[in-house]
Amino acid sequence: MSQDLDEIDRKLLRELQKNARASHQDLSERVGLSASPCARRIRRLESEGYITGYSARIDEGKLGFGFSVFISVRLDRQIDDRLEAFETEVRRCPEVVDCWLMTGSFDYLLRISVRDLTEYERFLTGRLTKLPGVASLESSIPIRRVKDTPARLD
């Protein structure tokens, strides 16, 4: 973690990661500050980009999207236009919840969230294989999540 952060900043980040809805008063008690300095530190962490936003963690399964697939994608060419075209189209696919440009034998790693294997097949054959530049795909189906940490803090 950056040398610009002291132990109180680190504690604040840990507490916010556990519960971003905690009040400044609650956070101040947990980190050993009064509410005003606590609020100032949070604003500074936000303005300096340590905190990039706040969001609710959603259970995809409860929404009916309980089937995830990781897909490694290899493009036919790794030129700027091809990468940009692929990324533009992937952003339009609601089934793609994560997309990473990678090093190694594949160009992209996607996480797909769908209702079931039938919906995955429709997405795969009806949309993903038709995206610009897709040369090959390799799918992996996760069995269970072992660890789920929003961000590394230490």
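**View 1. Strand 1 pairs with strand 4 in this predicted model.** Strand 4 covers residues 134–140. Six bridges join strand 1 to strand 4, and the two run antiparallel. One residue to find here is Leu75, whose bridge partner in strand 4 is Val134. Strand 1 itself covers residues 67–75. Is strand 1 largely enclosed or not, and why? Seven of its nine residues are buried, so the rest of the structure largely encloses strand 1.

**View 2. Strand 1 also pairs with strand 3.** Strand 3 is made of residues 108–114. Seven bridges hold this antiparallel pairing. Look for two partnerships. Ser72 has Leu109 as its bridge partner in strand 3. Ser68 has Ser113 as its bridge partner in strand 3. Strand 3 is mostly covered, with six of its seven residues buried. When you trace any strand, keep one rule in mind. In a regular strand, side chains alternate between the two faces of the sheet.

**View 3. Strands 2 and 3 form a hairpin.** Strand 2 spans residues 96–101. Strand 2 pairs with strand 3 in the antiparallel sense, over five bridges. Within this pairing, Asp98 stands opposite Arg111 of strand 3. How many residues lie between the strands of the hairpin? There are six. In this hairpin, Gly104 takes a positive phi near 100 degrees.

**View 4. The largest nonpolar core has 20 residues.** Which of them touch the most other members? They are Ile71, Val73, Phe86, Leu110, Ile112 and Tyr120. Strand 1, helix 4 (80–91), strand 3 and helix 5 (117–126) each supply at least two residues of this core. Strand 1 gives the most, with five residues. Now pick out Leu110. Leaving aside residues up to four places away in sequence, Leu110 touches Val69, Phe70, Ile71, Val73, Val90, Val96, Asp98, Cys99 and Leu128.

**View 5. Another core, of 12 residues, lies apart from the largest one.** Its members include Leu5, Leu27, Val31 and Cys38. Cys38 is buried, with a relative accessible area of 0%. His24 touches Cys38. The other residues that His24 touches are Ala35, Ala39 and Ile42, not counting residues up to four places away in sequence. His24 belongs to helix 2, which runs over residues 24–31. Is His24 buried, partly exposed or exposed? At a relative accessible area of 35%, His24 is partly exposed. For a sense of scale, compare His24 with Leu63. They are 39 residues apart along the chain, and their C-alpha atoms are separated by 31 Å.

**View 6. Asp9 is a buried residue of helix 1.** Helix 1 covers residues 7–18. Asp9 has a relative accessible area of just 1%. Because buried means under 20%, Asp9 falls in that class. What does Asp9 contact, leaving aside its neighbours within four places in sequence? The contacts are Asp4, Arg41, Arg44 and Leu45.

**View 7. Phe86 and Tyr108 make the one aromatic pair in the structure.** The ring centres are 4.6 Å apart. The planes meet at 35 degrees, so the pair is tilted. Phe86 lies in helix 4, and Tyr108 lies in strand 3. The pair therefore ties together parts that are 22 residues apart in sequence. Both Phe86 and Tyr108 are buried. A further ring takes part in another kind of contact. The charged end of Arg74 sits over the ring of Phe106, 4.4 Å from its centre.

**View 8. Cys93 has no sulfur partner within bonding distance.** Which cysteine sulfur is closest to that of Cys93? The closest is in Cys99, and at 9.5 Å it is too far for a bond. A search of the whole structure finds zero disulfides. Cys93 counts as buried, at 3% relative accessibility. Pro94, by contrast, counts as exposed, at 62% relative accessibility. Pro94 sits in the loop between helix 4 and strand 2. Pro94 and Ser113 are 19 residues apart in sequence. In space, their C-alpha atoms are 8.4 Å apart.

Key. Residues numbered from 1 in each chain as written. Predicted model: local features only at pLDDT ≥ 70, side-chain atom pairs only at ≥ 80, totals over all residues. Heavy atoms only, no water. Buried < 20%, exposed > 50% of the residue type's maximum accessible area, 1.4 Å probe, protein only. Helix = DSSP H or I, 4+ residues; strand = E, 2+ residues; numbered from the N terminus. Pairing = 2+ DSSP bridges. Core = buried A, V, L, I, M, F, W, Y, C linked by side-chain atoms within 4.5 Å. Contact = heavy atoms within 4.5 Å. Disulfide = S-S within 2.5 Å. Phe/Tyr/Trp six-rings, centres within 6.5 Å; stacked < 30°, edge-to-face > 60°. Lys NZ or Arg CZ within 6 Å of the ring centre and 35° of its normal.
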